[in-house]
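Good morning, and thank you for joining. I should like to take you through one structure today, and I ask that you keep it in view while I speak.

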Amino acid sequence: MKPELDRPTSVGGTPIFTLQWPDTKQLNEQLREVVLRKKETTPGLKKSNCGGWHSQTDFQLWPDAPVRTLMDMLLQGMLPQVIKATAPGAPEGLFKGWEVESWANVNKMEDSASQHDHVGGTNLWSAIYYVDTGEDGEVRSGLTKFVDMSGVPRPLKGDAATADRTAPIKTWQDACGLSPVGEEYDIQVEPVPGKMVMFPSTLPHYVTPYLSERQRITIAFNLKHPGYAVADPQNPRARKAMMWRNFRGVMLAGQKAKGAARDGLAQVVPPDRWPAPVRKRLLGGN
């Protein structure tokens with residue numbers, strides 16, 4: 001029997017779903033070994049991570065058995081329940097055909113993640129899976145916090161918060177070390193091994209500094225599907241949404257061709273050996 005979703009929490013009206021998978025000790029140990037082995041052989045990316053190791057966005061293509069198990073837990077276990085909770089009556093066909101990009105994160109002492117979202121491309125849902133929190137007992141650091149996007153103005157904390165924002169922020173790396181506005185109104189998720197968290201890709205979030213000697217390991221996911229859309233007329237990526245509405249057949253053919261090329265190439269050459277332009281084209285980023 002598959003575990004059921006916990007009662008969703010909400011920040012600014014946006015739902016955050018969690019599911020605690022039972023009996024994941026062996027799986028997590030296997031995933032830990034796979035991730036750390038990959039970390040030793042491949043360079044990391046600099047995205048929203050402030051320190052730490054962010055793998056290439058090809059975790060979903062890694063051939064290891066525990067990776068396949070985790071992907072099934074996401075796509076066959078949690079995602080269908082989230083769809084039923086947010087889109088009651090969705091046709092059976094919309095439960096299938098989801099495209100996933102995924103990556104592993106390994107954090108050490110004082111690593112964190114700046115405020116960011118996952119709306120790049122046509123991402124709809126994003127998720128986190130906790131492999132190893134790196135802390136025994138109650139986790140007190142490295143907390144994922146989801147930003148209150150209700151639009152309600154929140155007071156700044158003294159002059160320091162204003163000064164933090166005088167320099168332009170052009171990339172997520174520029175935001176490393178900045179104090180969040182209205183942090184006390186944000187919702188935090190307690191890291192627990194075996195916990196899976198799913199939320200809309202539009203929801204900004206960040207990770208507070210991690211303060212343990214052991215390494216923390218998490219897996220992140222982005223999910224997309226041509227049969228869904230997000231109402232957001234101010235989104236600068238609205239042009240792509242327009243293309244999906246008006247030229248659906250062409251866009252779907254392109255997406256399928258890209259997926260076929262990616263999966264076919266991965267069978268011949270490991271993704272970490274692809275030239276950078278090919279990785280960017282076929283794997284994208286978060």
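Let me begin with a convention on angles: those under 35 degrees count as roughly parallel, those over 145 as roughly antiparallel, those from 65 to 115 as roughly perpendicular, and the rest as oblique. Please also bear in mind that the model before you is predicted.

With that convention, consider the helices α1, residues 25-41, and α2, residues 65-86. They pack at an angle of about 120°, and their axes are 9 Å apart. The two helices are therefore oblique to each other. In passing α2, α1 makes a left-handed crossing. Which residues make the contact? On the α1 side they are Leu27, Gln30, Leu31 and Val34, and on the α2 side Pro66, Val67, Thr69, Leu70 and Met73. By character, seven of the residues in this contact are nonpolar, two are polar and none is charged.

I turn now to the sheets. One open sheet is built from seven strands in the order β1-β2-β10-β7-β12-β5-β4, with antiparallel pairing. Its edges are held by β1 (9-11) and β4 (53-54); each has a single partner strand, so one side of each is left without a neighbour in the sheet. Within this sheet, β7 (residues 125-132) and β10 (residues 195-200) pair in the antiparallel sense over five bridges. Ile128 has Val197 of β10 as its bridge partner. Helix α1 packs on this sheet, where it touches β4, β5 (99-107), β7 and β12 (216-224). The direction of α1 makes about 100° with that of β7.

A second open sheet has five strands, ordered β3-β6-β11-β8-β9, and here too the pairing is antiparallel. The edge strands are β3 (49-50) and β9 (187-189), each pairing on one side only. Three bridges join β8 (residues 144-146) to β11 (residues 205-207), and these two strands run antiparallel. Opposite Thr144 stands Val207 in β11.

Finally, the aromatic side chains. How many aromatic pairs are counted? The count comes to four. One of them joins Phe17 and Trp125 in an edge-to-face arrangement, at 6.2 Å centre to centre and with 70° between the planes. Since Phe17 lies in β2 (residues 14-20) and Trp125 in β7, the pair ties together parts that are 108 residues apart in sequence.

That concludes my presentation, and I welcome your comments.

Key. Residues numbered from 1 in each chain as written. Predicted model: local features only at pLDDT ≥ 70, side-chain atom pairs only at ≥ 80, totals over all residues. Heavy atoms only, no water. Pairing = 2+ DSSP bridges. Helix = DSSP H or I, 4+ residues; strand = E, 2+ residues; numbered from the N terminus. Contact = heavy atoms within 4.5 Å. Axes fitted to C-alpha atoms, helices over the stretch in contact; angles between N-to-C directions. Left-handed = near helix turned anticlockwise from the far one by under 90°. Nonpolar A, V, L, I, M, F, W, Y, C, P; charged D, E, K, R; others polar. Phe/Tyr/Trp six-rings, centres within 6.5 Å; stacked < 30°, edge-to-face > 60°.
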